[in-house]
Amino acid sequence: MCLPCRDAGHILEPELTESPGRVRRRRDETGHDALITTLHAVIAEPQRGIAAQLTVLDEVFRTVPNPEITRYWLRRRRGGAALLHQIALRAHDEPITHQLLDSVPHSAALPRLRDLFVHAGILPDRTDLIERIGPWLDEILESHPAHHGELVRPFAHWHVLRRARRRARNRPVTDSAAAYARSQISLALDFLSWLDEHDTTVTTATQADLDRWLDGGSRYRYFLANFITWATTHHRCTDLVVPNPHSGEPSHILTDDDRWAMLTRCLHDETLPLHVRVTGALVLLYGRTITSIADLTTSDIIDTDIDAEAYLRIGNGTVPLPPALATLVHSLADDADGRAPFPRPGDTTRFLFPGRRIGKPTTPKVLARNLRTHGIDPRPAQHAARAAWAREIPAPIAADILGIHITTATAWAARTRRDWTHYLAIRTETAGQTHDTPGHP
């Protein structure tokens with residue numbers, strides 16, 4: 001039924017009657033107006049209206065780049081929309097807090113709703129990835145014997161989570177950091193389960209038992225060192241040591257021809273998605289890790305007025321952008337508003353690679369998967385770039401450009417068999433002559 005007929009009171013046949021809950025747009029309504037109408041239908045309580053805590057959502061939803069998609073999500077009344085409705089009803093009688101959301105049964109929609117509330121300023125930000133490890137630990141320990149929990153629970157809370165929270169004060173908590181924290185706990189539980197199968201405990205286990213367990217799996221098992229060190233310090237075991245694994249050489253490095261061919265493709269092949277071109281170019285040109293690229297924002301792009309050149313701040317360093325790559329990076333920055341699910345009003349800084357979670361960048365796992373989908377394996381590409389830089393410049397300078405430790409840069413220089421001792425000697429001699437020059441400050 002068209003809106004004028006509905007307003008005039010015309011009645012359809014019974015089998016053609018529209019759903020009473022359907023909300024239709026009028027001709028003078030914009031997409032955002034219709035979205036706000038649908039939002040109010042979700043968060044309003046029939047008798048008491050909209051809770052004061054949720055009134056700020058109007059401003060947030062008016063900034064979404066695709067109001068029709070968000071409106072469809074609200075109209076489905078499943079998943080996140082259903083959870084938003086549930087919290088909106090409770091918001092009339094209790095404040096919206098992280099503890100309130102923690103009391104809701106965990107689902108895939110819960111983290112996204114929490115992100116929305118943090119983004120809107122309803123909730124303060126917190127290291128949610130770290131805080132979710134506690135409930136995860138409680139759930140996983142239900143399937144383990146009680147004596148496992150007696151060991152692993154204090155290890156998790158007073159060692160793993162304590163260190164993770166301390167690091168979170170100075171740097172953002174990434175998915176990789178949370179996964180590493182969970183892996184520490186999982187490894188400890190795997191080792192304890194293996195000891196049970198062999199009729200021993202961590203207190204009575206010998207170094208031979210530990211070595212057998214380490215040899216029975218991948219290098220990943222050597223991360224058990226943190227648990228063994230903690231258990232030894234707290235007198236839960238004695239004389240157990242996890243040796244340092246032998247560091248292997250890179251198994252796969254692209255040839256120079258393949259590297260330049262892939263880089264040319266990233267810079268000039270317009271059939272590739274823009275975000276894949278930028279990610280691939282930064283890996284192939286500067287050997288940067290996917291993790292460091294994923295966190296880039298539009299404020300990391302530095303344009304200079306003096307030489308009209310562009311630079312990119314990655315981590316603690318800055319790298320120059322060749323003109324072709326600078327054009328791609330600026331295009332990606334201009335497109336950032338349209339790809340962010342909920343842009344923050346008045347905020348001029350955007351993630352270059354916005355993720356599906358509100359206010360979060362794309363995870364490194366997704367960026368790496370996108371590269372592989374288009375024929376670029378990030379690890380060999382990264383190795384090839386680092387080897388190329390190590391051949392051309394001294395290790396200290398390569399360390400700054402590549403964002404790696406000087407020891408790692410020296411190792412790459414050793415692999416390329418380039419000796420820069422003569423270069424450093426000349427620099428030292430030149431510096432000494434410069435300071436000996438009369439009148440030099």
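The following paragraphs lead through selected features of this predicted model.

We begin with the backbone. Most residues other than glycine have a negative phi. Asp199 departs from that pattern, for its phi is positive, at about 55°, although the residue is not a glycine. Its place in the chain is the loop that joins helix 11 (175–197) to helix 12 (207–215). Because its relative accessibility is 75%, above the 50% limit, Asp199 counts as exposed.

A second residue of this kind is His235, which is not a glycine and yet has a positive phi of about 60°. His235 belongs to the loop between helix 13 (225–233) and helix 14 (256–268). With a relative accessible area of 72%, His235 is likewise exposed.

The cysteines come next. A disulfide is a covalent bond between the sulfur atoms of two cysteines. The structure contains zero disulfides. Cys237 has a relative accessibility of 1% and therefore counts as buried, the limit for that class being under 20%. Cys266 is also buried, at 0% relative accessibility.

The last feature concerns charge on the surface. Arg162, Arg163, Arg166, Arg167, Arg169 and Arg171 come together there in a patch of positive charge. One of these residues, Arg166, is part of helix 10, which spans residues 146–168. Arg166 has a relative accessibility of 41%, so it counts as partly exposed, a class that lies between the buried and exposed limits.

Definitions and conventions. Residues are numbered from 1 along each chain as its sequence is written. This is a predicted model: local features need pLDDT of at least 70, side-chain atom pairs count only at pLDDT 80 or more; totals for chains, interfaces and linings use all residues. Side-chain values use heavy atoms; hydrogens and water are left out. Helices (H or I, at least four residues) and strands (E, at least two) are DSSP runs, numbered from the N terminus. Buried means under 20% relative accessible area, exposed over 50%, partly exposed in between (1.4 Å probe, protein chains only). A disulfide is a pair of cysteine sulfur atoms within 2.5 Å. Patches are made of residues with over 30% relative accessible area and no salt bridge: like charges are joined within 9 Å, nonpolar side chains (Val, Leu, Ile, Met, Phe, Trp, Tyr) within 5 Å. Accessible areas come from the Shrake-Rupley method with a 1.4 Å probe; for residues, only the protein chains shown count as cover. A salt bridge is a side-chain nitrogen of Lys or Arg within 4 Å of a carboxyl oxygen of Asp or Glu. Lys and Arg count as positive and Asp and Glu as negative; His and the chain ends are not counted. The place of a charge is taken as NZ of Lys, CZ of Arg, CG of Asp or CD of Glu.
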